Amino acid sequence: MQLGIDDLAFATADRYLDLADLAPVHGVEPAKYTVGLGQDRMSVAAPDEDVVTLAASAALPLVERMSEQDRASIRTVLLATESGIDQSKSAGVYVHRLLGLPAAARVVELKQACYAGTSALQMALALVARNPEQKVLVICSDVARYDVGSSGEPTQGCGAVAMLVTANPRLVAIEPVSGLHTTDIMDFWRPNYRTTAVVDGRLSLRAYTDSLSGAWADLQAQGGPAFADIDTFVYHQPFTKMAVKAHAHLTRLVGAPRDAEVMDAQIADSLRYNREIGNSYTASMYIGLVSLLDHATDDLAGSRIGFFSYGSGAVGEFFTGVVQPGYRDHLRTAAHRRLLDDRTRISHAEYSAIVAPVNPVDGGDHEVPASTRNPFRLAAITGHQRLYERSAAAATAVA
Ligand code: COA
């Protein structure tokens, strides 16, 4: 029996900053971002958006496509994030309610920087292996924020991806062998008192490739597929150039021929959406998968994808999946393209006004003015509670 990803969709903010508008503020050429980092735009969360609303927006099309009976078989919701909104209550519980899922379900939030979504996926696979009638909804949702003026600022972004994990999946069957690597390192973290991450950028790049080497070595030790048996690669993309660097690193490590055209073809389609969205932490690698499936001109059915998931701090996992016959019939390519094309370009001044999140710490009552055109929004913070609602745009949500 095959287990894996049966359905897949992403959401992001309805507005973006073009990095050409950030470059002069940092006193650099736009090419530093478009070429040096491989980023053109970054999605900017509206003041009434957070990981809950983005997660619900990503999962809504999946739930809407399911029958009542299929919805009832979602007995687990796993939400991965590193920009959570509560130290106790899982963001997934809000999402579970916003989506109208049945009460007979377990819901939990997972955290390990950008890696946690992969942990959620592996746990989901284990649950489905135990009871193949069950479906697990895995959601990765993050708003990536660095200090204004820091070198990380152009690598911000936000997004969420929702995956339905089932037996006999229609999109990608995940293979059982994984390569793992954990090491205690301070390359990126966010103490509870901060709304932006603390990052040692240089160290994080080295930690990423060290983790890739370690996870790859473990994959081989565990009997995983050889490099030559993997057709395309999807890497975690804090900025898309990082995936290019990672693929060059792995190609060198395994001693494969360094043919630029071949190497580019192995990763290029996975980079397209993230170039326009920016970093979405836990969601970024899986948005890379959506990008690959949505953009590949060849039919990928039967081909093997290598995934490298990295979360600072640091945990890395290399695993593989096989694309399923007929997968194209279940993609949402047009809806995803529309989502990106319909975003509004905002000026640097508009971005500056909303980049800091609504984060009142006085315990008072705060209405949050309606702003996002996405299906769900944060309506108020009152009595220490965050109140979410379905916005008017929900009626026209992509299905
Ligand atoms: N035209 C083209 N490329 C240019 C350029 C120009 N005018 N100016 C600079 N570049 C290139 C640099 O050569 C460099 O490329 P290289 O790394 O391939 O040599 C790239 O742009 C970035 O320049 P650099 O000076 O290294 O950037 P930085 O020090 O300002 O910051 C990061 C880069 C990644 C460290 C920073 O964005 C960061 O901290 N990001 C957050 C952490 C992160 O995402 N870590 C990843 C692992 S999880």
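In this predicted model, Lys-32 reaches toward the ligand with its side chain: one of its polar atoms sits 2.7 Å from a ligand oxygen. Arg-202 does something similar, with a polar side-chain atom 2.2 Å from an oxygen atom of the ligand. Then there's Lys-245, where an N or O atom of the side chain lies 2.7 Å from a ligand oxygen. How much of the ligand does the protein bury? On its own, the ligand would expose 970 Å², and the protein buries 70% of that.

Stepping back from single contacts, the ligand has 20 residues around it, and the ones that come nearest are Lys-32, Ser-151, Arg-202, Ser-204 and Lys-245. That shell is a mixed bag chemically: eight of its residues are nonpolar, seven are polar and five are charged. As for where the ligand sits, the space it takes is the second largest pocket. Which elements give two or more residues to the shell? They are helix 2 (30–37), helix 7 (201–221) and helix 8 (240–254). Lys-245, already met above as a contact of the ligand, belongs to helix 8.

The UniProt record adds some labels to this picture. An unreviewed entry lists Tyr-146, Lys-245 and Asn-279 under "binding site". Tyr-146, Lys-245 and Asn-279 also turn up in the lining of the second largest pocket, which is the space taken by the ligand. So much for binding; what about the "active site" label? In the unreviewed entry, that annotation covers Glu-82, Cys-114 and His-236. Of these residues, Cys-114 and His-236 are included in the lining of the second largest pocket. Glu-82, for its part, is found in the loop that runs between strand 4 (74–80) and helix 5 (91–98).

On a broader scale, UniProt (again an unreviewed entry) lists residues 176–250 and 260–354 for the domain "Hydroxymethylglutaryl-coenzyme A synthase C-terminal". How do these two stretches look in the model? Residues 176–250 are 43% helix and 20% strand, and the C-alpha atoms at the two ends are 21 Å apart. For residues 260–354, the make-up is 48% helix and 21% strand, with 40 Å between the end C-alpha atoms.

Methods: Residues are numbered from 1 along each chain as its sequence is written. This is a predicted model: local features need pLDDT of at least 70, side-chain atom pairs count only at pLDDT 80 or more; totals for chains, interfaces and linings use all residues. Side-chain values use heavy atoms; hydrogens and water are left out. A residue is near a molecule or strand if one of its heavy atoms lies within 4 Å of it. A polar contact is a pair of N or O atoms within 3.5 Å; within protein, one must be able to donate a hydrogen and the other to accept it, and residues adjacent in sequence count only if both atoms are side-chain atoms. Accessible areas come from the Shrake-Rupley method with a 1.4 Å probe; for residues, only the protein chains shown count as cover. On a 1 Å grid over the protein atoms alone, a cavity is a set of points where a 1.4 Å probe fits but cannot get out, and a pocket is an open set with protein on both sides within 12 Å along at least five of seven lines; lining residues have an atom within 4 Å of a point. A molecule sits in a cavity or pocket if more than half of its atoms lie within 2 Å of its grid points. Helices (H or I, at least four residues) and strands (E, at least two) are DSSP runs, numbered from the N terminus. Ala, Val, Leu, Ile, Met, Phe, Trp, Tyr, Cys and Pro count as nonpolar, Asp, Glu, Lys and Arg as charged, and the others, Gly among them, as polar. UniProt positions are given in the numbering used here, feature names are shortened, and annotations may be inferred rather than shown by experiment.
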